[in-house]
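Student: I am new to this structure and would like a close look at a single part of it. Please start with one pairing of strands and work outward from there.

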Amino acid sequence: MAGERLAKGLKELADERVDHRFKALPPDAEGLTVGELAAQRRNLFRDGFTTPVLALSAESVEHNLAVMEAYADRHGLAFAPHGKTCMAPQLFARQLARGAWGITAAVPHQARVYRAYGIQRIFLANEIVDAAALRWLARELDTDPDFRLICYVDSLRGIELMDTTLREAGATRPVDVVIELGAGEGARTGVRTEAECRELADAIAGVDTLRLVGIAGYEGEVPDATPKRVAAWLRRLVALTVELDKAGRFADLDRIVISAGGSAWFDTVAEVFAELPELSAPALKLLRSGAYVSHDDGQYRRVTPFNRIPEEGDLQAAFRLWAQVVSRPTPQQAFLNAGKRDAPHDLDLPRADVVRSGRDGTLRPAAGVSVTGLSDQHIWLATESATALEVGDWVGLGLSHPCTTFDKWQLIPLVEADGTVVDFVRTFF
Ligand SMILES: Cc1ncc(COP(=O)(O)O)c(C=O)c1O
């Protein structure tokens, strides 16, 4: 049933019309369906795409999906990749086909997108305190007995808001919740102390609308993170899970949830979660990495755990943004026709990697070409020599931060190494 909904949703995406809504797609493809355009197997550089155009490497995405599936399997981790990174049902389908337990969301709207595509297990890594969203959730749980959503609780007021609204909405099943332990003093959400966690567990036990199923947090927010600090915080998460289990807080569960893990510390998560002793029910050790799916050429290249454990695998940067030189006002300056609208800039500036000649399509390294700034619609380049670039050349840029790359593009060409566009990835932000 859910599988059918996903298959139907993916078919609808393939049947969507290509038109002006989607940046960079060939003007002469207007009116074709996305599926028809993909079947033409056009070349990204020669067959009518307009610049700037973001390319997602088909081979690298496949590689990254396989690597993280294998990593999670090898370490006995269940996987709920964070879907906020890509918000792309086609990629969710591939993550689920590779054994993912479910998909993580940050906010109710994302969960609504997932439900529209029949995602049956959602881990929502936040409190839900929005009454309209809670009413929606109560309806979803009521109408689909196989749907499961787990969300955070980190305050008494949050519990009160959830309970009141769910009761008013006539919720027929309790919402599964995990208590969020904050990642230390000065960290983001999550209660700061174990004592507060106990207090929340008591409050949850006192309402019929919520069911406590485990403990969670996000090690990516450990202040001044080092492997030691991250491991120490994860050990608190494990100890708390053990303590609450001993206290009978997880009675009558099929699985006790313990969840952490983005794309920067999954090695430490695997190591510390392996220390979890046997509980009163089997543990669901849920990893939530999201950025791994495209990886990047900046922040995640620097922080990936595979730098520490190369023997366990590697990830490949899957994005390349192609933009064209539209102005060369001085020998030291050039301007590309992509800007903040097209490229992430919250962590690092894009990096000029390769130049594709506007005359004959030959490729050369972007030697002596550096990005110095971004305007809304321009990338500022400094060039060491007058011959480094000319108007009409294409520049291939490496990017930093998958989340703020995906969200700038609604339909992203999936491109093989030789430039053949084999599909288009639809995003919902
Ligand atoms: C709560 C939570 N879990 C998981 C993730 C996924 O981490 P990453 O983006 O490093 O893959 C994030 C990312 O911000 C997050 O906030």
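Tutor: In this predicted model, strand 2 and strand 9 (residues 283–287) run parallel and are joined by two bridges. One residue pair can be picked out here: F79 has L287 in strand 9 as its bridge partner.

This pairing belongs to an open sheet of eight strands, paired in parallel, with the order 2-9-8-7-6-5-4-3. Strand 2 (78–79) is an edge strand and pairs on one side only, and so does strand 3 (103–105), the other edge strand. Reading the order from strand 2, strand 9 comes next, followed by strand 8 and then strand 7.

Further along the sheet there is a helix to consider. Helix 7 (residues 156–168) lies across strand 5 (148–153), strand 6 (175–180) and strand 7 (210–216). Relative to strand 7, helix 7 runs at about 145°.

The ligand has its own set of surrounding residues, including H82, T85, A125, Y218, R288, S289, G290 and A291. By class, the shell around the ligand holds seven polar, four nonpolar and one charged residues.

As for the setting of the sheet, the chain has 12 helices and 18 strands. Among contacts between residues at least 6 apart in sequence, 70% join residues at least 24 apart. Of the 429 residues, 47% count as buried. The C-alpha atoms fill a box of roughly 70 × 45 × 35 Å along the principal axes. The radius of gyration is 23 Å, which agrees with a compact globule, because one of 429 residues would have a value near 22 Å.

Methods
Residues are numbered from 1 along each chain as its sequence is written. This is a predicted model: local features need pLDDT of at least 70, side-chain atom pairs count only at pLDDT 80 or more; totals for chains, interfaces and linings use all residues. A residue is near a molecule or strand if its C-beta atom, placed from the backbone, lies within 6 Å of it. Ala, Val, Leu, Ile, Met, Phe, Trp, Tyr, Cys and Pro count as nonpolar, Asp, Glu, Lys and Arg as charged, and the others, Gly among them, as polar. Helices (H or I, at least four residues) and strands (E, at least two) are DSSP runs, numbered from the N terminus. The radius of gyration is taken over C-alpha atoms; the globule rule is 2.2 Å times the number of residues to the power 0.38. A residue is buried if 20 or more other C-beta atoms lie within 10 Å of its own, exposed if 12 or fewer, and partly exposed in between; C-beta atoms are placed from the backbone. Two residues are in contact if their C-beta atoms, placed from the backbone, lie within 7 Å. Two strands pair if DSSP finds at least two bridges between them. Axes are lines fitted to C-alpha atoms, for helices over the stretch in contact, and angles run from 0 to 180 degrees between N-to-C directions.
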